[in-house]
Amino acid sequence: MQERFVNDPHRPHYHFLSPANWMNDPNGLVQWKGQYHLFYQYHPYSPLFGKIHWGHAVSQDLVHWTHLPIALTPTPGSVDEDGCWSGCLVDNNGIPTIIYSGNRKDIQLPCIATSHDNLITWEKYEGNPVITTRGGGLDIVDFRDHCVWKEDDAWYQLIGSGIKGEGGAALLYRSDDLIHWRFMHPLCSGRQGTSGEMWECPDFFPLGEKHVLIVSALPEAQTYYFIGTYQNHRFTVEIQGKLDASKHFYAPQSMKDDKGRRIQWGWIREGRDEQQIEAAGWAGAMSLPRILSLRSDTTLNIQPAPELHTLRGAQYHQENETVAAPALIEDIRGAALEISAEFVPGTSQQCGISIPYATDGSEQITIRYNGTTLMIDNAPWDVTPSMEHTIEKCTLHLGADETLHLHIYLDHSVIEVFANDRACITGRFYAIHDEIAGILPFALNGNTQLVALDIWEMRSIWTSQDSH
Ligand code: DQQ
C-alpha cells in the first residue's frame with residue numbers, strides 16, 4: 001500500500017482499488033488466456049472526477065490484483081479528448097476489441113480500440129466515432145455505454161439512453177464488423193415500469209433459461225435488473241427489481257468465466273463530500289465479485305465469489321445460542337471481517353448484527369431485520385432505530401421455514417451485506433475509531449435462535465510492494 005495511505009482507517013484492504021485518486025465503473029471485463037482483466041474508469045491525476053482514463057488490472061484468482069499500465073488515455077483534439085468513458089471488451093476473431101464512449105464537450109459517441117499485445121497497449125480506430133448519429137432518430141436524453149455480443153454471424157450492441165417523455169432506454173444496434181452499425185429498436189425502455197430518465201451502463205446476458213438486463217438509472221442513481229425472454233431480438237420482461245438496495249453500488253458490469261459463471265462487479269461510490277475526498281487522496285472502490293445465477297422460481301440469486309474464502313484468517317465460531325438480549329463478543333477487533341450469521345428470527349421484533357466501534361455503543365453500524373425489511377443503520381445503540389439513521393434498506397420476505405442468513409463483508413469504510421442470496425445492500429461508514437470493539441448479535445423484544453455465527457478476520461489483498 002502506498003505510504004500515504006497506510007494509516008488511512010477508511011481505505012479498504014480486500015476490495016479492489018485504483019493505486020490512488022478517483023475511480024468509478026468497472027469496464028471491459030474479460031477472462032483472457034486464463035487471467036481475469038478488470039478495466040475501470042480512472043482519473044489518475046485527482047481524487048475527483050475529471051478526464052477519465054481506463055485503468056487496468058489483472059488477476060489469476062479473482063481476489064488478488066496486479067495493476068497494469070493505463071489502457072486508454074483521452075487524445076487531445078479527438079472525439080474522446082474529455083474522457084474515455086465506459087464500455088466493454090469483445091474477442092473479434094482473436095483481436096481484443098474495446099467499445100467505449102468517447103466524451104467531448106459532454107457529448108458521448110461510440111469508439112473502438114484494439115490490442116495486439118494481449119490487452120496491454122491499445123490502438124484507437126482512426127475512424128472513431130463508429131456511430132455519429134446519437135439515438136437512431138429518437139428524441140433522446142443522452143447516449144453512452146456499451147454492451148456488445150455476437151449472435152449467429154452478427155454483432156449486437158446495447159447503448160444506454162433515455163427517450164424524452166418515456167424514460168430510460170437500452171437501444172439495440174447491429175453490425176457485421178463492429179465498425180458499421182445499424183439502429184434496430186429500443187430493446188427495453190422505461191415504459192416497462194421502471195423509473196429513471198436515462199439508463200447508463202446496460203449489461204445484457206443469458207442466465208439459465210432466461211436473459212437478464214441490468215441498467216443504472218439516472219437521476220436517482222439506482223441499479224435495476226429485468227429478467228425475461230429474448231427472442232427475435234425482442235426482450236419480454238417477466239420479473240424486475242432493484243439489484244442492490246443502495247445507491248452506493250452503481251454501474252455494474254459482468255462477464256462469463258471459464259467455469260461458466262456470470263461474475264459481476266459494481267462501483268462502490270463514496271458517501272463523503274469533495275473536501276473529505278480531496279483530503280483522503282482517493283475515491284471509489286470496486287465491489288467484491290458477485291456470482292449471479294437464476295433460482296428455481298427464475299428470480300435472481302446473488303452470492304459473493306467463493307474464491308474470497310482464501311482471504312479468511314483467524315475464525316470465531318458459535319452455534320445454537322438463544323439471543324434474548326444483546327451480548328457483545330468482545331475479542332473481535334480490526335475492521336476487515338467476514339461475518340456469516342444464521343438466525344431463526346422467532347418471536348423477536350428485530351434481530352441482526354451490530355458492529356460497535358466503541359463499547360458504549362456511541363458509534364456503530366447495525367444490520368437489522370424486522371420480518372419484512374432488511375436495513376443498515378448507524379444509530380447509536382440507545383437510540384430507537386429511525387429513518388434518520390437508516391443508511392440503506394430493502395424488502396426481504398422469508399419463506400415459512402426459511403432462516404435468515406446474513407453474510408456481511410466489512411472492509412473499513414465499505415460494507416456489503418448479502419441476505420439469503422437474494423438481497424444485497426452496500427453501505428459506506430466512516431468511523432471515527434480505527435477498529436471495531438466487538439460484534440453484537442442481538443434480538444429485540446423476544447427470542448431469536450442464532451443457529452450459527454462465524455466471523456473471520458480478512459487478510460489484505462495487497463502486499464507492501466504494491467504501488468497501491
Ligand atoms: N460513468 C461513466 C459513464 C457512465 C457513468 C463516466 C456511470 O460512461 O454512464 O465515468 O457511472
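A residue counts as near a molecule or strand if one of its heavy atoms lies within 4 Å of it. This is a predicted model, where local features need pLDDT of at least 70 and side-chain atom pairs count only at pLDDT 80 or more, while totals for chains, interfaces and linings use all residues. Numbering starts from 1 along each chain as its sequence is written, and side-chain values use heavy atoms, with hydrogens and water left out.

Q: What makes up the surroundings of the ligand, and which residues are closest?
A: The ligand is surrounded by 13 residues, and the closest are D25, Q41, R144, D145 and E200.

Q: How do you know that D25 makes a polar contact with the ligand?
A: The term asks for a pair of N or O atoms within 3.5 Å (within protein, one must be able to donate a hydrogen and the other to accept it, and residues adjacent in sequence count only if both atoms are side-chain atoms). A polar side-chain atom of D25 is 2.7 Å from a nitrogen atom of the ligand, so the pair qualifies.

Q: How much of the ligand does the protein bury?
A: The ligand taken alone exposes 310 Å², and the protein buries 94% of that. These are Shrake-Rupley areas with a 1.4 Å probe; for residues, only the protein chains shown count as cover.

Q: Why is C111 called buried?
A: Buried means under 20% relative accessible area (exposed is over 50%, partly exposed in between; 1.4 Å probe, protein chains only). C111 has 0%, so the label fits.

Q: How many disulfides are there, and how do you know that C111 is in none of them?
A: A disulfide needs two cysteine sulfur atoms within 2.5 Å, and the count by that rule is 0. For C111, the nearest cysteine sulfur is that of C84, 7.7 Å away, so the pair fails the cut-off.

Q: Why does C188 have no bond to C147?
A: C147 holds the closest cysteine sulfur to that of C188, but at 13 Å it is too far for a bond. C188 is also buried, because its relative accessibility is 2%.

Q: Why is R428 called buried, and where does it sit?
A: Its relative accessible area is 5%, so R428 falls on the buried side of the cut-off. R428 is in strand β31 (residues 423-428); strands are DSSP runs of E, at least two residues, numbered from the N terminus.

Q: What makes the R428 side chain a partner in polar contacts?
A: The R428 side chain pairs with that of E270 at 3.0 Å and with that of S413 at 2.8 Å.

Note on methods:
Helix = DSSP H or I, 4+ residues; strand = E, 2+ residues; numbered from the N terminus.
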